[in-house]
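The following exercises practise the reading of a protein model. Each task is followed by a solution in steps.

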Amino acid sequence: FRLMEVMAMGVVPVILSDGWSLPFEDVLDWSSFSLRVRLKNVSTLPALLAAHSADACRMSSRVFSVYHKYFANATQIMRGIELSIAHHQRHRAQRA
């Protein structure tokens, strides 16, 4: 699977999965720059892509931005990990 390569090119990822956890999904709104399709709904993929064609440029710009902010190199990846940990700590503190 080549998620990071796709994102580096600014291509909107189409994720065919029922339960795959995405990187930093606790701090990133993946729905703003990717499409997720359940395996049982693969047959609807052409219609889904057509329905999102008007959003393609906005989503492409967003995915390129997210890639360079969180995944482009080790420094960005570590920043994403730190944000994710901080997010979990805030939520844990709010529940206490």
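**Exercise 1. State the order of the secondary structure elements along the protein chain, and how many helices and strands there are.**

Step 1. From the N terminus on, the elements follow the order α-β-β-α-α-α. Helices (H or I, at least four residues) and strands (E, at least two) are DSSP runs, numbered from the N terminus.

Step 2. The count is four helices and two strands.

Step 3. The model is a predicted one, in which local features need pLDDT of at least 70 and side-chain atom pairs count only at pLDDT 80 or more, while totals for chains, interfaces and linings use all residues. Residues are numbered from 1 along each chain as its sequence is written, and side-chain values use heavy atoms, with hydrogens and water left out.

**Exercise 2. Describe the overall dimensions, burial and surface of the protein chain.**

Step 1. Taken along the principal axes, the box filled by the C-alpha atoms is roughly 45 × 30 × 25 Å.

Step 2. Of the 96 residues, 27% are buried. Buried means under 20% relative accessible area, exposed over 50%, and partly exposed in between (1.4 Å probe, protein chains only).

Step 3. The accessible surface is about 6,400 Å², and carbon and sulfur atoms account for 58% of this surface. Such areas come from the Shrake-Rupley method with a 1.4 Å probe; for residues, only the protein chains shown count as cover.

**Exercise 3. Identify the residues with the most contacts inside the largest nonpolar core, and the helix that supplies its largest share.**

Step 1. A nonpolar core is a set of buried Ala, Val, Leu, Ile, Met, Phe, Trp, Tyr and Cys residues joined through side-chain atoms within 4.5 Å.

Step 2. The largest such core has 13 residues, and M7, L28, W30, F33, V66, Y70 and F71 have the most contacts inside it.

Step 3. At least two core residues come from each of α1 (3-8) and α3 (56-70). Helix α3 gives the largest share, four residues.

Step 4. In soluble globular proteins, nonpolar side chains tend to be buried together.

Step 5. As an example from the core, F33 touches M7, V12, P13, L28, M59, R62, V63 and V66, leaving out residues up to four places away in sequence. Here a contact means heavy atoms within 4.5 Å.

**Exercise 4. Determine which aromatic rings form a cluster, and which parts of the chain the pair of W30 and F71 ties together.**

Step 1. Rings of Phe, Tyr and Trp (its six-membered ring) pair if their centres lie within 6.5 Å; planes under 30 degrees apart count as stacked, over 60 as edge-to-face and the rest as tilted.

Step 2. The whole structure contains five aromatic pairs. In one of these, the ring centres of W30 and F33 are 4.7 Å apart and the planes stand at 45°, so the pair is tilted.

Step 3. W30 and F71 form another tilted pair, with 6.4 Å from centre to centre and 50° between the planes. W30 belongs to the loop between β1 and β2 and F71 to the loop between α3 and α4, so this pair ties together parts that are 41 residues apart in sequence.

Step 4. W30 is buried at 6% relative accessible area, and F71 is buried at 8%.

Step 5. The cluster linked by ring pairs consists of F24, W30, F33, Y70 and F71.

**Exercise 5. Find the salt bridges, and explain what the pair of E25 and R36 ties together.**

Step 1. A salt bridge is a side-chain nitrogen of Lys or Arg within 4 Å of a carboxyl oxygen of Asp or Glu. Three are found in the whole structure.

Step 2. R2 is bridged to E5, with the closest N and O atoms 3.5 Å apart. D55 is bridged to R58, with a corresponding distance of 4.0 Å.

Step 3. E25 and R36 meet in a salt bridge at 3.9 Å, N to O. E25 lies in the loop between β1 (14-16) and β2 (35-37) and R36 in strand β2, so the pair ties together parts that are eleven residues apart in sequence.

**Exercise 6. Is Y67 buried or exposed, and which residues does it touch?**

Step 1. Y67 is placed in helix α3. Its relative accessibility is 12%, so Y67 counts as buried.

Step 2. Leaving out residues up to four places away in sequence, Y67 touches M4, M7, A8 and A72.

Step 3. Y67 and M7 are 60 residues apart in sequence, yet their C-alpha atoms are 5.9 Å apart in space.
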